[in-house]
Amino acid sequence: MAHPGGHGPGGPGGRFLTEEEKKNQPKVTKALLVRVFSYLKPYRKQLSLVLLLIVISSVFSLAPSILSGKIIDEGLIGQNLRALVFYIALSLGVNFASHLIGVAESYINTWIAQHITFDMRNAMFSHLQKMPHSFFTGSNQGDIITRMTSDIDGVERVITGTFTSILSNSITLVVALIAMYRKNWILASIGVVIVPLFTLPTRRAGKTRWDLTRQAQECNDEINGILNETMSVSGQLLVKLFGKEAYEYERYREANGRMIRLNIKESMAGRWFFVILRTFTEIGPMLIYLVGGLLMMRYDADLTVGDITVMVALLSRMYMPVNNLLNIQVDWVRAMALFTRIFEYYDMPVEIENAADALTPEGKARGEVRFDGVWFSYERRSAQGESASAAAAQPEAGAVSSEADAAAPMTYNLKDVSFTLKAGDCIAIVGPSGSGKSTAVNLIPRLYDVNKGSVLFDDVDMRKLDLTWLRTQIGVVSQETYLFNASIRENLLYAKPDATEEEMIEACKKANIYDFISAQETGLDTMVGNRGLKLSGGEKQRISIARVLLKDPALFIFDEATSALDSISEAKIQEAIEPIINSRTSILIAHRLSTILSADEILVVKDGAIVERGTHEKLVNAGGVYTELYETQFKAQVPASDHA
Ligand code: ADP
């Protein structure tokens with residue numbers, strides 16, 4: 001006899017929702033469901049096929065129960081050997097067919113689930129790539145990867161597990177009920193009453209047991225904690241020196257006692273569980289036999305022995321689906337929580353987007369940059385002091401946030417910054433750490449948008465330019481060089497996939513890294529290791545300079561390395577950078593006097609504002625921030641005779 005007690009109460013996190021899951025239950029709205037089902041839509045045909053197969057296999061799986069009536073009535077009682085053999089064979093055949101169909105069903109099902117997760121993963125990846133830089137600086141990388149992997153894996157389980165289970169169990173139940181009601185409505189109604197009477201108490205017992213298991217587990221953790229603390233060398237020494245033996249013993253004894261009581265309770269909860277289970281599984285069929293017999297003998301009902309056997313068999317087939325459907329509520333809540341989490345990610349705004357009518361200028365850009373009264377804050381609010389996104393989405397929320405703004409004034413990381421970089425020129429930005437140098441430079445490839453004012457590229461507001469085009473015009477060498485775990489060649493080709501060997505070698509020579517590469521056994525095919533860890537900081541920097549040279553942008557941006565490098569490495573980088581800044585449009589965050597001297601204009605930034613600007617000669621004796629920087633940082637970098 002099949003009964004649902006077989007899989008027991010399940011471990012924590014299994015058959016029942018934890019308190020936390022209950023608290024965080026997502027609201028299941030029509031919109032959410034529509035959205036979930038929209039992912040199934042492209043697979044309508046396959047889904048209809050699965051549905052059909054589930055119906056057939058559910059009906060087929062009930063066939064042996066239904067045919068058992070024929071076996072008894074026509075075969076055994078009717079003493080008809082041919083009928084007996086026929087129905088036995090039919091029953092076996094149908095049963096086999098139902099398993100075969102099950103195989104096909106799970107294949108198509110898995111196929112659909114895999115394709116849906118394929119679609120969702122790709123959509124997620126491409127969405128994440130559009131996320132602004134601030135998203136990556138602000139969120140935990142682990143979280144992002146979890147969404148991409150285990151959350152979307154969860155979707156696959158939902159489709160192959162939860163959805164299928166709901167369908168096949170409902171269908172089995174409906175078919176069993178129809179078959180029972182067609183035989184005899186009184187007996188069928190007894191079944192309808194008996195099945196829930198059986199499943200509800202066993203579920204309850206299961207829940208009690210599950211709660212106890214969880215408590216026992218917590219208690220066990222506590223005991224382990226005590227053991228770890230008191231049985232370690234230093235812990236035991238502490239206990240001894242503070243004379244805490246009795247105290248620790250009491251603590252252990254108490255937890256140990258609790259554990260015993262929980263274990264006894266748990267094992268008894270299991271006993272009650274089985275008492276209820278056995279009683280009800282026995283009561284069900286007995287009631288059917290009794291009432292069926294009464295109807296047959298006393299009320300002359302149109303019932304045969306076979307019919308009653310069928311009823312008993314069908315009754316036993318109903319317990320499992322009912323129990324599964326009750327459990328499905330748990331899976332359902334988890335599935336909805338999963339989808340909600342994934343959709344949350346999909347719905348994160350892509351802050352920096354191409355304008356609908358974005359311009360893609362023809363020909364080579366000049367790489368000119370103009371900052372025109374730029375105000376910028378990482379807090380992302382517009383200059384009017386309202387939360388830009390909230391105000392657009394919901395006027396009320398906007399109102400609330402402007403009240404909040406009144407209380408907490410906006411702190412700008414850039415304040416009214418204006419400057420112009422002409423084609424072929426070089427601007428050096430200097431200033432104390434945290435003054436906003438990187439922030440200003442990050443606005444140029446549009447990693448962030450300004451709050452007020454504008455940044456122009458070749459005299460066009462960059463918000464009007466095609467983002468991809470803009471970024472191909474700009475080459476950035478940052479302090480934190482990122483190389484992919486591949487060969488040097490592959491890292492270079494990332495910038496220009498069709499670069500020839502000669503072009504690569506030339507770029508490497510200009511970047512002062514060719515000697516290093518040719519000294520390697522495998523040359524350009526040398527692997528750089530994970531994130532380029534097999535190379536020194538200076539080598540990585542120079543490869544990244546070669547990469548930018550291959551890209552051949554209209555504008556070069558350098559964030560000059562500070563203290564991370566030794567002076568030889570620095571000199572090599574310097575040699576690579578200098579010809580570039582002397583001949584190309586470039587902007588650099590400078591820490592070295594020699595680069596500063598090569599610049600056409602120096603911008604001195606402090607607390608997000610440009611406080612001084614001009615040439616070294618003009619600034620060095622002005623007695624301001626630059627003079628101070630020069631005295632404390634730059635002066636020591638050159639031999640005394642070179643001092644200006
Ligand atoms: P610099 O390059 O001159 O050392 P930054 O431009 O990196 O300075 O930083 C300027 C200010 O902006 C600092 O106060 C810094 O804390 C802040 N800041 C930098 N990056 C972020 C960020 N991603 N989110 C929030 N604040 C930031």
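Biologist: In this predicted model, what is the order of the four strands in the open sheet?

Modeller: The order is β2-β1-β4-β5, and the pairing is antiparallel.

Biologist: What makes β2 and β5 the edge strands?

Modeller: Each of them, β2 (414-421) and β5 (460-461), pairs on one side only.

Biologist: How do you know that β4 and β5 pair?

Modeller: Pairing requires at least two bridges between the strands. Strand β4 (residues 452-457) is joined to β5 by two bridges, so the criterion is met. One of the bridge partnerships links L456 to D461 in β5.

Biologist: How do you know that β1 pairs with β2 and with β4?

Modeller: The requirement is again at least two bridges. Five bridges join β1 (residues 369-376) to β2, and the two strands run antiparallel; F376 has L414 of β2 as its bridge partner. Five bridges also connect β1 with β4 in the antiparallel sense, where V369 is partnered by F457 of β4.

Biologist: Why is the packing of α18 against α19 called roughly parallel?

Modeller: Helix α18 (residues 537-551) and helix α19 (residues 567-583) pack at an angle of about 15°, with axes 9 Å apart. Angles under 35 degrees count as roughly parallel, which makes α18 roughly parallel to α19. Their crossing is left-handed.

Biologist: Which residues make the contact, and how do they divide by character?

Modeller: From α18 come G538, Q541, R542, I545 and L549, and from α19 come S569, K572, I573, A576, I577 and I580. The contact residues divide into six nonpolar, three polar and two charged. Gly counts as polar, so G538 of α18 belongs with the polar residues.

Terms used. Residues numbered from 1 in each chain as written. Predicted model: local features only at pLDDT ≥ 70, side-chain atom pairs only at ≥ 80, totals over all residues. Heavy atoms only, no water. Axes fitted to C-alpha atoms, helices over the stretch in contact; angles between N-to-C directions. Parallel < 35°, antiparallel > 145°, perpendicular 65-115°, else oblique. Left-handed = near helix turned anticlockwise from the far one by under 90°. Contact = heavy atoms within 4.5 Å.
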